[in-house]
Amino acid sequence: SPCSGLTHESHRKDVEQVYLRCSEGSIEWMYPTGALIVNLRPNISPASYRHLTVCIKPFKDSAGANIYLEKTGELKLLVRDGERSPSRVYCFGYDQGGLFVEATPQQDISRKITGFQYELMSKGIAADLHTASAPCRPCSDTEVLLAVCTSDFVIRGSIQNVTNEAEEQESIIHVGVSKLYRQKSKVFQLTGESGNWRGQIKTLLECGVKPGDGDFLFTGRMHFGEARLGCAPRFKDFQRMYKEAKDKGLNPCEIGPD
């Protein structure tokens, strides 16, 4: 469940422990001095911890502290204070350690706020989001049919426009929706008097998405409040895959593909 997060103010040179029990949320540390140990303790059985991946995304203007991964007293620098890489996400296995946030020496600490969003997810989903080996390769039929069952959003739609953000190395796909099968959060909404459903999906700039004709089946996951593209076959290809699997009784789930 999402958390509203926690605002932490500390004016002593010391180390404080913070415990977070939600699977996603944010931390904001105003006027950082000393250090914070952030303990993520989600409400699941500890036996499942090793299957978890933690991802953090620093706020755009986060400053005043270094963020380390800490395990048994050893520190590994994760985010350097003032490192400016917009929308960069840092992920690590839950069992690789906890977060140690240490304030950097400041002439004027009153202006600094350190903060980041965090998400805990199963390793399978994380690998799915960051398919490091080939993030732009087309999905196989089996992957598409599985994506239909497990994705946070599944829609039929067309590409209205694509905006490229060179600095963030991302493309924003502006999608016109003709059928909404599922959405976990309200990314796709009715707009204007025309009563059309629209929304935005992000993907990597290197995938070279271009506006094109025809309908696609867009699937993907929510990640830090944004829709991230998963499998996106042409809709007619999806209909073919779906029918073939259904005829063989191999469909992992039902979704009326018309």
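Is C231 buried or exposed, and what is its relative accessible area? In this predicted model, C231 is buried, with a relative accessible area of 9%, a value under the 20% that bounds the buried class. The report below begins with the disulfide that holds this cysteine, and then turns to the helices and strands.

## Disulfides

The structure holds three disulfides, and the table sets out the pairs with their sulfur separations and the torsions about their S-S bonds.

| Pair | S to S distance | Torsion about S-S | Handedness |
|---|---|---|---|
| C55 and C91 | 2.1 Å | 105 degrees | right-handed |
| C139 and C231 | 2.0 Å | -90 degrees | left-handed |
| C149 and C253 | 2.1 Å | about -100 degrees | left-handed |

C231 is joined by a disulfide to C139, with an S to S distance of 2.0 Å. This pair links distant parts of the chain, since C139 lies in the loop between α1 (123–129) and α2 (141–150), while C231 lies in the loop between β16 (226–229) and α3 (235–248), and the two are 92 residues apart. The two cysteines fall in separate accessibility classes: C139 counts as partly exposed at 27% relative accessibility, whereas C231 is buried at 9%.

The disulfide of C55 and C91 has an S to S distance of 2.1 Å, and it too links distant parts of the chain, with C55 in strand β5 (residues 52–58) and C91 in strand β8 (residues 90–93), 36 residues apart. C55 counts as buried because its relative accessibility is 0%, while C91, at 34%, counts as partly exposed.

For C149 and C253, the torsion about the S-S bond is about -100 degrees, and the disulfide is therefore left-handed. The pair links distant parts of the chain, for C149 belongs to helix α2 and C253 to the segment after α3, 104 residues apart. Both ends of this link are partly exposed, C149 with a relative accessibility of 24% and C253 with a relative accessible area of 22%.

## Helices α2 and α3

Helix α2, which contains C149, has V144, L145, A147 and V148 as its buried residues. Seen down the axis of α2, these buried residues fall within an arc of 155 degrees, so they line one face of the helix. The elements that cover them include β11, β12, β15 and α3.

How does the span of α3 compare with what its number of residues would suggest, and what is that number? Helix α3 has 14 residues, which at 1.5 Å a residue should span 20 Å, and because its end C-alpha atoms are 20 Å apart, the two values agree. Within α3, the residues F235, F238, M241, Y242 and A245 are buried, and, seen down the helix axis, the buried residues fall within an arc of 120 degrees, so they line one face of the helix. On the other side of α3, K236, K243, D247 and K248 are exposed.

The buried residues of α3 are covered by elements that include α2, β11 (153–165), β12 (170–183) and β15 (216–223). Helix α2 is thus among the elements that cover α3, just as α3 is among those that cover the buried residues of α2. Just after α3, G249 takes a positive phi of about 70 degrees.

## Strand β9 and the loop that follows

Strand β9 pairs with β4 (residues 35–40) through four bridges, and these two strands run antiparallel; within this pairing, the bridge partner of I37 in β9 is F100. Strand β6 (residues 65–71) is joined to β9 by six bridges, again in an antiparallel arrangement, and here I67 has V101 as its bridge partner in β9. In a regular strand the side chains alternate between the two faces of the sheet.

T104 lies in the loop between β9 (98–103) and β10 (113–122). At 14% relative accessibility, T104 counts as buried, and its side chain makes a polar contact of 2.7 Å with the side chain of D81. When residues up to four places away in sequence are not counted, T104 touches G64, A65, N66 and D81, so that D81 appears both as a contact and, through its side chain, as a polar partner of T104.

Key
Residues numbered from 1 in each chain as written. Predicted model: local features only at pLDDT ≥ 70, side-chain atom pairs only at ≥ 80, totals over all residues. Heavy atoms only, no water. Disulfide = S-S within 2.5 Å. Buried < 20%, exposed > 50% of the residue type's maximum accessible area, 1.4 Å probe, protein only. Expected span 1.5 Å × (residues − 1). Arc of directions from axis to C-beta. Contact = heavy atoms within 4.5 Å. Polar contact = N/O pair within 3.5 Å; in protein donor to acceptor, adjacent residues only side chain to side chain. Pairing = 2+ DSSP bridges.
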